[in-house]
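Colleague: I should be grateful for a close look at a single part of this structure, the packing of two helices across an interface between chains. Please describe that part first and then set it in its surroundings.

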Amino acid sequence: MKSLRLLCALLLVAVSAARAAEALNLFAWSEYVPQKVIDGFTKETGIKVSYATYATGEEMLAKLLAGGAAYDLIQPPDYIAEAMIRNKLLRPLDRAKLPNLRHLAPEFLALPHDPASAYTVPWMLGTVGIVVNTERVKDPIRGYRDLFQPKFKNRIVVVNDNREIVSWALVTLGLNQNAITRENLAKARPLIAEWIKLVKVFDSDSPTTPLLNGDVDLGVVWSGEAAKLINENKKFAYVLPAEGYHPYVDLMAIPTTAKNVAAAHRFLDYVLRPEVSKLISDEFPYTNPNLAARKLLTPAQLANPASYPPMGKLDTFRDIGKAAADIDKLMTDLKTAAAK
Amino acid sequence: MTIPVQPTQGSAQLPRPARWFLLAPLAVWLVAFVVAPALILLVYSFSERDELGRVVFTFTLENYARAFDPVYLSVFGRSLGYAAATTAICAVLAYPVAWCMAQARPPWRDRLLLLVMIPFWTSFLIRTYAWITILKSEGLLNGLLLYTHTIAAPLELLYTPGAVVLGLVYAYLPFMILPIYGSAEKLDPALIEAAHDLGCGPWQSFARVVLPLTRPGLAAGVMMVFVPAIGMFAISDLMGGARVPLIGNVIQDQFVGQARDKPFGAALAVIFMLIFVTVYWLWQRRAEARVA
Amino acid sequence: MLAFLWGPIVVLAVYSFNTSRLNILWEGFTLRWYGEVWDNAPLMEAARTSLIVATITTVLSVLLGTAGAWLLHRYRFRGAGALRTLVGVPVMMPEIVMGVSLLVLFAAVAVPLGFATVVIAHVTFCFPFVLLAVQARLAGLDPALEEAALDLGATPLRAFWLVIVPCLRPAITAGALLAFTLSMDEVIVTYFTASPEAATLPLRIFGLAKVGLSPMLNALSVLFIVATVAVVLITERLQKSSRSLSSRP
């Protein structure tokens, strides 16, 4: 009984301590904002940051839409940001408060989801590409057709992301990756059915684990994960698929329900500083859109083929609304059939 | 103050003040945090989603129609299969352990109980990764088998259905051990001796004496393992390589995955729960009938 | 059997001393990860939160579950069947569904997410396990026990407390352990009902998994197990010494 009372007292202290000073409620991908950056910001501004996390953009959306907690700054992926802008869930940014925006390369401020960057600021850019363990695979792998061959059955890991997998089939067939229609899905179906029979592991969270463990020799993974693999061991190579690829962007944006708008702007401008942005690159070897920060990186960091591949047009995923249900059904069906 | 006490269970009338004192917390909790969310779910299941994935309240049966698509039925069937295998293996493994624990002398009982439970106080994810370290093709188990020349080439252990069942058994074993222990502990060893003296072999005395007396615990264990195991998805993702979609994965994808279709997810969950609530209700009624 | 249960634990304990950042190969011995855990303030904070949540959840679940089981077992009243069935619902509800629907509920009645909502959610899915375990034991209990107590002049409450509860002790212990275990390790429902200040350990660990699990987390598990065993041993010793004290003439 006594210990229960003690616990209650502890709780009260914990709750009241959390309600002091100016605060910023950050809602971002798990571990995507380095602790160093948050500590530096708090030290400089006195603003206490509470960092809530999510593992998928949809998880973020689900929690945000339900209400219950007001977030000041979120990190949506490109296609979700697009839908949020259209539904007036994001607040226009006050560019005057973001002088450090000038460090960003102009092409990253004109992405399809928000061409004028009125609502969003790019955080990091990635691509989805092929990782090859060159010690075990001697054939040249240039794209999806080279990768998905029967002889590589059970030696492949791919991200567990239905839309990604469908988009690879679409570009292989010469179709637009964003044209998710029933006809296109029907065309892609036989190809995907063949492919997923060859896959040993689907994993979005840590697709590099089976590659490092030696359970598989090939993978289609996020570029940042691939970059970490290459840093770990030079036997891994990264290839952008010849059939076509797409970049994806994680953004920073302020929801309309935000309470601490000024603090959110301060944090945004803080992370756009070259020396702060560099800290993020040090921990997450994705493509940094901040040109001034790139100048601070080591030649080895810049030479990592997964971090800074030669990129052409920045053709990102667009929001496809309800067509997602068709993808879901198609993939559930094909995976179930492949497991028989 | 005396109240009428009748010999059969569950038949006494509740005195008024005690009734509220005992009943209120349970009833209030169930209504507020079980009935209310279940109603929300029910409403969702007849609604539609908008472009963003918000729920739009209408009345449609389309979600239910989709749920009975063969694709999702076969997913459901497969989930049942995995859960049934898990439950059976858990029961076989847990029974002797629970029995030994129950027969141990009292100070050892609690120690054994903790010995069984402590592994589960480490994070699920860390435990699962430890299994991956053991099972991967260059892992500890394959290394051991190769070293002792039991096998010539590494076995494919990880990312197989077997690995998924292993992971499920490992995750749910305590939920079988503990309820069986709870009801086996009260068993009087004299009963078994009596059975023995009456000429029962060990197997017969188990089947005729021990099993019937521990049946409630076993039943509770089955319930605690089988039903949650159907909805489990993290293990099939981590140890099965997410190759086989289970019903938990499908529901998960509707709520926080790309499908963004809460009404459909809700319909799947409602069907799922209706089946089990019905089975559970029948089971409870049978248990009652047996007592009366 | 113990080898099966403890095998993975031994493996993760061994790897907590590995110099390699990745749980792949054994490279060398180090205590570095233990230092890192200790210095990782958010992780230690989350561990503390988890312990507090699990303790409160266990106490509430045992109260609610034991009283509920007794009530449903012993007395006949209108709605008993419905209550009995409802108790099974949280066990059947997939975690994600419970998480989302509780979140919608809390948002609808404007309860801010935080510590209290996490505890409410945890009790909701934990107490049925206590109730089921206790119910299973009650099913085999001799009704004559309570009758005897009542005949000897005990009030129903005293009879319950002095006669029934001691008989139920193993089932209550088992139920409490289940509730504690569930609460310590739950991720999904917690995710939807927690605020950042109330982030539990499993939430943190799932976040860390995103950047690769470091042996730091293994070290944390080892520390936790060692601490539990120590607490158990100390309690036993204390009980023993107090018993020997009181039994002295």
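Modeller: In this predicted model, the axes of helix H7 of chain B (residues 161-184) and H8(C) come within 8 Å and cross at roughly 165°. An angle over 145 degrees counts as roughly antiparallel, so H7(B) is roughly antiparallel to H8(C). The crossing of the two helices is left-handed.

On the side of H7(B), the contact is made by Pro174(B), Phe175(B), Leu178(B), Pro179(B), Tyr181(B) and Gly182(B). H8(C) meets them with Pro170(C), Ala171(C), Ala174(C), Leu177(C), Leu178(C) and Thr181(C). By character, the residues of this helix contact divide into 10 nonpolar and two polar, with no charged residue.

The helix pair belongs to a wider interface. In total, 75 residues of chain C are in contact with 81 residues of chain B. Helix H8 of chain C, which spans residues 156-185, gives the most to the side of chain C that touches chain B, namely 10 residues. That side of chain C comprises 54 nonpolar, 14 polar and seven charged residues. Charged residues are thus present on the side of chain C that touches chain B, whereas the contact of H7(B) with H8(C) has none.

The confidence of the prediction should be considered alongside this picture. Chain B averages a pLDDT of 85, and 92% of its residues score at least 70. Among the elements of chain B, helix H2 (residues 62-67) has the highest confidence, at 93, while helix H8 of chain B (residues 189-197) has the lowest, at a mean of 80. Over residues 1-9 of chain B the pLDDT is below 50; this stretch nevertheless has 17 contacts in the model beyond near neighbours in sequence. Where pLDDT is low, the predicted coordinates should not be read in detail.

A further contact, within chain A, may also be described. The domain assignment of chain A gives domain 1 (2-125 + 249-303) and domain 2 (126-247 + 317-338). Their C-alpha centres lie 29 Å apart, and the contact takes 13 residues from domain 1 of chain A and 11 residues from domain 2 of chain A. On the side of domain 1 that touches domain 2, helix H4 (78-86) and strand S4 (120-133) of chain A each supply at least two residues. H4(A) gives the most to that side, with four residues. The residues of this side of domain 1 divide into 10 nonpolar, one polar and two charged.

Notes
Residues are numbered from 1 along each chain as its sequence is written. Chains are lettered from A and ligands numbered from 1 in the order in which they are written. This is a predicted model: local features need pLDDT of at least 70, side-chain atom pairs count only at pLDDT 80 or more; totals for chains, interfaces and linings use all residues. Two residues are in contact if their C-beta atoms, placed from the backbone, lie within 7 Å. Ala, Val, Leu, Ile, Met, Phe, Trp, Tyr, Cys and Pro count as nonpolar, Asp, Glu, Lys and Arg as charged, and the others, Gly among them, as polar. Axes are lines fitted to C-alpha atoms, for helices over the stretch in contact, and angles run from 0 to 180 degrees between N-to-C directions. Angles under 35 degrees count as roughly parallel, over 145 as roughly antiparallel, 65 to 115 as roughly perpendicular and the rest as oblique. A crossing is left-handed if the near helix is turned anticlockwise from the far one by less than a right angle, and right-handed if clockwise. pLDDT is the predictor's confidence in each residue, from 0 to 100. Domain bounds come from an automatic or database domain assignment.
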